[in-house]
Each structure stands twice: as C-alpha cells, then as structure tokens.
Amino acid sequence: MHRNSLRNIFFLLSILFSAGGLHAQIGGGNGNSLSKMMQQNATTEPEKPKEYEIGGITISGAKYLDEDLLMAVTGLSVGQKVHLPDDENIAKAIRALWKQELFSNVSITISKFIGNKVFLSVNVEERPRLSRYNFKGIKQGEAKEIKEKISLIRGRVVTEATKKEAVVRIRKYYVDKGFGNVTIAVKERADTGAVNSIMLTFIINKGSKTHINQVTIAGNESASEMRLKRTLKSTKEMARFSLYPADANTIYKKDKRSFSNYISEWGFLSPSKTLEALDPYFRYNIFSSSKYNPEKFEEDKQSLVAYYNTLGYRDASIVADTVYNVQNGNINIDIKVREGHKYYFGDITWQGNTKYSNEQLSRVLGIKKGDIYNQELLDKRLGKQLSPEGGEDVSSLYMDDGYLFFNVEPVETSIVGDTINYEMRVTEGTQATIRDITIMGNDRTNEHVIRRELFTRPGNKFSRSDLIRSQRQIANLGFFDPEKIGIQPKPHPEDGTVDIEYTVVEKSSDQLQLSAGFGGGINFYGNVGVLFSNFSIRNIFKPKFWDPLPVGDGQKFSINYSSNGAYYNSLSTSFTEPWLGGHKPNALTTNFIYSKYSGAAIGSDPNASFLRMTGGGVSLSKRLKWPDDYFVLTYGLYYNNYRLKDYALADNFTDGFSNNLYAKLIIARSSIDQPLYPRSGSNISFTFQFTPPYSAFSNKNYGDETPDQKYKWIEYHKYRFTADWYKRIAGNLVFKLSTKYGFLGYYNPAIGYSPFERFQLGGDGLSGFNYFIGRDIISQRGYEVYVQDATIFNKYSAEVRYPFSLSPTATIYGLVFADAANAWANFSSYNPFQLNRDVGVGVRIFLPMFGLLGLDYGIGLDRYNPAAGTTGLKDIAKFTFMLGFEPD
C-alpha cells in the first residue's frame, strides 16, 4: 500500500479515537455526531496538536431562546484555548446548560479544524413550555385552592420534576383533608394554539375519606390510655355518637351497663371494657376531626413520647405502631409503648458562669434534687424553649443584660440508679450593643410611627425582653398582621454588636362601621361611620399619601352617625394624636357628640317629648414608668348639655336644661400581646369621674328646689373598675376572665343621686345608647334589660376562645361563656352574692372594613322559674347580635 495512504489511515484512526474520547466526556446528545465531524475533517488535517484555539462557536436547536444568552451561559468564547479531547471548560459548559433546566438534550460537537483552530457547535433541544393546566374529578373551589399551592406558572419550562412536585403538593392537600387514598394522574398533550407548548391535565380521584376508627395504646402502666390519647392532637378517633343506632343514646342514659353489652354486639367495644373506658366515647371527640394524616401522626407520636418525658420516663419510646384498614375504608391504629424506668433529678452544678453565682442560677432554674425528671421543664427553665410572652429563665437572665452570645448546655455527668446528675456548662460571651435597626415591609405606615414604639435603641445593650416588648407594641398598633411580625437579630461577634431587623406586613386598619340594633325603646336603628386608624393630618394636602384619605402617621379620626328616622339621631366625631409633639407617647384626644332621642310613641310628633344632648371634651394620656411602663394615665375635661322636654328621666325631672361639667381620671395598664385575639396579658383600668361639688358653695336649701333648679348643674362622683385577663391554655386556645364594677355617689343628700350617669343592666348593650339616655349600659347575655336606674353594679365573665382563622382579612373565633351580674339602686341594698347567671356560646368575626361582628346565644339561668311557667329554652334564652362593637 502506498505510504501516503497508510499515513492517512493511521491519522484517521487516531482522530476517531480522540473524537470518541471527547464525546464520551462532553457529549449529551447524538452519540455519533462528534465522530462524524472528526471523520469529515480527517483528510484536511495532517496532524492534531494537543492544544487548540476556539475559532468559532455556533448555536443550533435554539428556537425560542436568545443565542447570545446561551453563549454567555456556556462560558466559552472565540480565542479561548482548549485542550482536546478532554477539556474541562467544555464539560463545564455542558453542565451549565443542563443546570438551566430548559433543555431535553445538550451536546457540543466539533464542526471543523483549520490549522490549530477548532470550530465548535453547541446543540440544544428545548423543552416545551406550559401553556395552561386544569383539573378533572374535583370541585371548582378545590381547584382554586390547589392552584395557589402548586404554583405552576404559564410560560415556564415543564420538566418531570415540575410534574412530580405538583403531584406531591396535590396529594398533600388531600391527605391533610383526610383523603389518604387519593390517586393523581398527569396527562400531557401538545397545545396546537401555542408554539412549543403543552397542556397538563391532573386527573384526581379523591376516593373516600380515611377516618380513624380506633386508637389502641398498649404497654402503658403509669399513664392511662385516655390521657395518652389526649397527647395525639391530630390523631383522633371517630365521634362515637355517629356510629351507633338512633336508640343508643337513650339506652346509654338509662343504663350504662346494659349499654355496654348492647354496643358490644356492634363490635365497637368488647364486654370486658369497663364503664370508665366507655364514658370517654361520649365525652370527647364530638367536634374533633378523625382524619388520618401520616405526617401529623408522626408528630403526635413525638408528642406522646414527650409527655412521658415530663413524667420522668426519660427512656420512653414507641416500639411499634401499626396502621391497618377496617370496614368502610377506615383505619385502626395500634401503638405499643415502652415506658422504661422513672428518673429523678440529682445534683446540678454550674461551670463557666462568672456574672451570676451558682446559687442565683439554681434559684432561677427552680429544679431541686429529688424532683421528677422532666426534659420539657428543664429546657423551659434554661430558656431553650422561647416563649412569646417571655419568662424568667436562665437564658432570659443573661440575654436581658446584653449577653446575646450566651449559651448553656446541660450535660448528664452520671446516672446513679434512677438519679441523673447534671453539669450546666455556661458560655457567657460578651455583652452585645445594638448597632443598627432596620424596618422593612411598612408600605403605608411611616417608619417613625414604628420606630418610636420600639424598646430597642441603637447604643443600648441587647435585651431579649425588649425584643418581645417591641413586638407587642408593633402588634398593638393595629396596622400590621400580628402573626407575621418578624424580628431578626444579626450579631457581629467580631466587634460585640448586633443589628436588628424588624419585618412587618401591612393590613387594612381602617373601618367602615355598619351597625344595627333593635331595642332600647327605639325599635330598629342603623349606624354608619368611618374610622381611620392610621390617619395623617400633615399629609392632607399631599395627594400621593391618600389611601383613600391621608395615611401614615398613626393618628385616629372617626365620624359616626346613628338614626332610626325622626325618633333618634346621634352624631359623634373624635380625633387622636398618639404622640403629641412627636417625642413622647402623650396622646391628645378631642371629641364632639350630639344626640336626640324622642320619648314620643312611634307615629306621633317626635318633638313632643325628647332628650337632647350636646357635648364634647379633651383628654391627654401619658405613658408612665412606674410601677412599670405598661401603665397609662389619662386625664380630661368634658362638658355635656342636656335639654329635656316632657321626658321622664328621674325624680320628676321632665323639663328644662341640665349641665354636666366633669373631669375624668383614668389609670390603666395594658399588657396584652395583640388587640384582635389576645393570648396573654391583661387590660386593667380604674376610672374616677367627678364634678365640682356645687352645693358646697351655695346656701340654697336644695330640698325645696324644683328638679330643673336642683339639676341645673348636676354633681356626683363616679367610679368604674374593669379588668380582663387572658391566659393561653394550649396552642391558640385561650381563657379570658373579666370583672367589672361601677359605683355612683353624691355629695349632698338633699340633692341625692344625679339623674344622669347611672347604670343600666341587661340586654345587648347598644353602642352609643348611653349618649341619649345619660346612662352607662352594661350588657348581659341571655337577659333583657332588668335594671335601669342603678347606682352600683357588679359583673363577672369567663370565656374560653378558640380561633378558626387568624388571617388579617378575617379574624374568626368561637367562644363559650359564663356570666354573673346584678345592679342595685343604692348601696344599702347591695348584695355582691345576689347575681344573675347565664351561660352560652358565641362567635366573633372581625373584618377590617366593618369591624367586629358577633352572635351570642345566652341562656339566663336565673330566668328559670317553674312557678311563673318559664322553663323552656325559648323562655330563658336569647340571641344577641352585634355589629361594629363589643358590648360592655
């Protein structure tokens, strides 16, 4: 064979081997493309050097993407040196293209050689894009909710991962709703109406709901099965009332033992079950969900073990759990626990502490030798579990004094029998100073409105309690979603400083007040008004700050009008500047009130009998520092003018004018965590209202004066005490306890009690009603108005509340309540133990634009009177509807 031919064959083979090596490392598409290119150029290249210069790069297959952008993604450029066959830069280019998740195929091939230059071709195959998607087999409302969760976006590239993630989220949506057997299929088809686009159809078969028929716990000795089931917050059995025949409840009430044998025939309980085990099925889970959720079941198992830890069983564990199907597609769950030994705390020593002594830290820890081992308590007392209410724990002790970098680790040094000895290893660190404070998310509210409420200041020592208090102050402004207030300390250990970032989410705080009521002698009446809680006077002439009125400075402005036509009209307006002067939290409030109430019968001349009142006042509130900075002192001066015409108010005073010039002093303390749904804290206020003792400066014999002369300038002294306490029971379940007292006194026995400013008890407590009858209205659920001219009253209330929604667009919670109240004409007839009681249920809905809406169903227990024939619920129960206000 000719020498040149042999040389050409040898060179061809070498190029083929090199091309195969290059493609094996950097190719991603057609396996032969690179080899073919090398074959085509073999005869033009007498030899192949190791290093090449890129002479040119072309992009092929990119139909809808910008070629220059793809070139930039590869990182390759003309003139760049590459080493073939295995250059790392080319491999990186392919990885970078795959990383974009825009292509179904990627490869880089050699198009030709010219001398020491190599020309590359970047070949891509674009993935299709999503044009639209829909669902089959589900309701429209469910589809709308799912769309918000899967976050598929039209125009985005569709990958297998995209479809799988959507299926996972859809499945989770239905599993959370109790559809554990849901199946989801994805159908993909080309969209002929759009270029390189596809449509996805999710075919969903929910199946039947998976309910938990029965939960059985075995291996427990120190805790009852019933108590352990209560730790399973999201794993509840089906309500038993719905399982038995209609006559089961009747049999149960008559004879529990016969009922035990009766239901054993239905297979729900065996005859060996005790009556104590039977009762819980009729006491609990009536309103609890019995849906099975695997993720929440795992959380519930951890809660069960954690409960054992609080009892001293440090080694408690769940050794087995079985979930199996029973009738109707429901499931049973069997849990087997191993309790282990019960442990106690032994010696507790401290190491590394210099700021506080061992005795001080042990006193704050509050755990003594011999106490039952409790991991949850230990974490809480050390401050490992942060509470939104703050607390007295070891971490708070340090962090409230600037020790942001503090840490304490409890180390078990030895276990002797059933006793665990601990060494608390403390790392105090240095005290941190606040450097910068930033606020984000305040789109409508000016930053100074938030900043002035903060208890954290640049230059101050870091304090965790100040962070908690600042969060509470921001929430109580009412301008932001209290569930989304974020606080992020950003420490700088290198210089001992910390930056703090506050994030807020604005919510609508303005209200269109629409109220309606019936009663009080005026029949149906309506109310309309507006409340702007984030008003700004200084922005009145700046249209860009109007939304719909000028906003941003935290001022309050309201105007309200009530009427039922010619027989009742009331107009009120008020304005509050919360930081008068802008430097201290001194609030200035002014208000004006006009009301006219006709005492004439409906259909007759409304001007024949009426009570008209015109008045207003001004007050100043100041935040105190003693006893603590939760206290606020308010003092104000007010004036009301009353005009009576043939209107029987009190003590034969039916015609004339009366003037009420009074001062009001209020000392209040508010420590609630947020205004709409408080979970902790209290609201306590004491009000002292008084007029000058005019009669003390006059020589008149008031016993001989006519009523219009006696009450021309009314005189009195009046006291109100109100207290509300909130306590978190568990989660968002809250207990509220309230008490209210009121007393009206006089200066001169010859004048006696003022005809105005008395108390009325019972009924709905219509908002604004006190303005036109001159009385404080105290509502009581389950009762009509039963005391009208009292000078002293007591009221006690207890509520258990649970929220259904804490969204800023609609805060909804239910409640059960019990009240006890009474009112008396004078102090001599006062009997604090003679109270009228009621119980009931209710619901509250707070809509930002409309305020508070509520409905209560109260049963007046002391209205029950067999002698009078009032024995049925229709005789002793009453619905109370409220719109726009919470009754007193």
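Contact here means heavy atoms within 4.5 Å. The structure is a predicted model.

**Exercise 1. The largest nonpolar core**

Task: Find which residues have the most contacts inside the largest nonpolar core, and which strands supply it.

Solution.
- Step 1. The largest nonpolar core has 28 residues. Those with the most contacts inside it are L611, Y642, L644, Y647, F756, L761 and A823.
- Step 2. At least two core residues come from each of β21 (586-598), β22 (610-623), β23 (631-645), β28 (758-761), β30 (787-790) and β32 (810-824).
- Step 3. Strand β23 gives the largest share, 3 residues.
- Step 4. Take L761 as an example. With neighbours within four places in sequence left aside, L761 is in contact with I778, S779, Q780, E784, V785, Y786, V787, A821, N822 and A823.
- Step 5. A separate second core has 23 residues, among them A62, L70, L84 and L120.

**Exercise 2. Two helices**

Task: Classify the packing of helices α3 and α4, and describe the residues that meet.

Solution.
- Step 1. Helix α3 covers residues 67-74 and helix α4 residues 88-99; their axes are 8 Å apart, at an angle of about 125°.
- Step 2. Angles of 65 to 115 degrees count as roughly perpendicular and those over 145 as roughly antiparallel, with the rest above 115 oblique. The two helices are therefore oblique to each other.
- Step 3. From α3, residues L70, V73 and T74 meet A93, A96 and L97 of α4.
- Step 4. Sorted by class, this contact has 5 nonpolar residues, 1 polar residue and no charged ones.

**Exercise 3. Two polar side chains**

Task: Decide whether S558 and D191 are buried or exposed, and find their side-chain partners.

Solution.
- Step 1. S558 lies in strand β19, residues 555-563. The cut-off for buried is under 20% relative accessible area. S558 has 16%, so S558 is buried.
- Step 2. The side chains of S558 and S574 are joined by a polar contact of 2.9 Å. Not counting residues up to four places away in sequence, S558 touches V530, L531, S572, T573 and S574.
- Step 3. D191 is in the loop between β6 (183-190) and β7 (197-205). Its relative accessible area is 10%, so D191 is buried.
- Step 4. The D191 side chain makes polar contacts with the side chain of S131 at 2.7 Å and with the side chain of R132 at 3.2 Å.
- Step 5. Leaving aside neighbours within four places in sequence, the residues in contact with D191 are S131, R132, S197, I198 and M199.

**Exercise 4. Backbone details in loops**

Task: Locate the cis peptide bond at P627 and the positive phi angles of D646 and E757.

Solution.
- Step 1. The peptide bond running from W626 to P627 is cis, and its omega is near 5°. P627 sits in the loop between β22 and β23.
- Step 2. D646 is not a glycine, yet its phi is positive, about 45°. D646 belongs to the loop between β23 and β24 (656-670).
- Step 3. E757 is likewise not a glycine and has a positive phi of about 70°. E757 is placed in the loop between β27 (733-745) and β28.
- Step 4. The relative accessibility of E757 is 8%, so E757 counts as buried.

Note on methods:
Residues are numbered from 1 along each chain as its sequence is written. This is a predicted model: local features need pLDDT of at least 70, side-chain atom pairs count only at pLDDT 80 or more; totals for chains, interfaces and linings use all residues. Side-chain values use heavy atoms; hydrogens and water are left out. A nonpolar core is a set of buried Ala, Val, Leu, Ile, Met, Phe, Trp, Tyr and Cys residues joined through side-chain atoms within 4.5 Å. Buried means under 20% relative accessible area, exposed over 50%, partly exposed in between (1.4 Å probe, protein chains only). Helices (H or I, at least four residues) and strands (E, at least two) are DSSP runs, numbered from the N terminus. Axes are lines fitted to C-alpha atoms, for helices over the stretch in contact, and angles run from 0 to 180 degrees between N-to-C directions. Angles under 35 degrees count as roughly parallel, over 145 as roughly antiparallel, 65 to 115 as roughly perpendicular and the rest as oblique. Ala, Val, Leu, Ile, Met, Phe, Trp, Tyr, Cys and Pro count as nonpolar, Asp, Glu, Lys and Arg as charged, and the others, Gly among them, as polar. A polar contact is a pair of N or O atoms within 3.5 Å; within protein, one must be able to donate a hydrogen and the other to accept it, and residues adjacent in sequence count only if both atoms are side-chain atoms.
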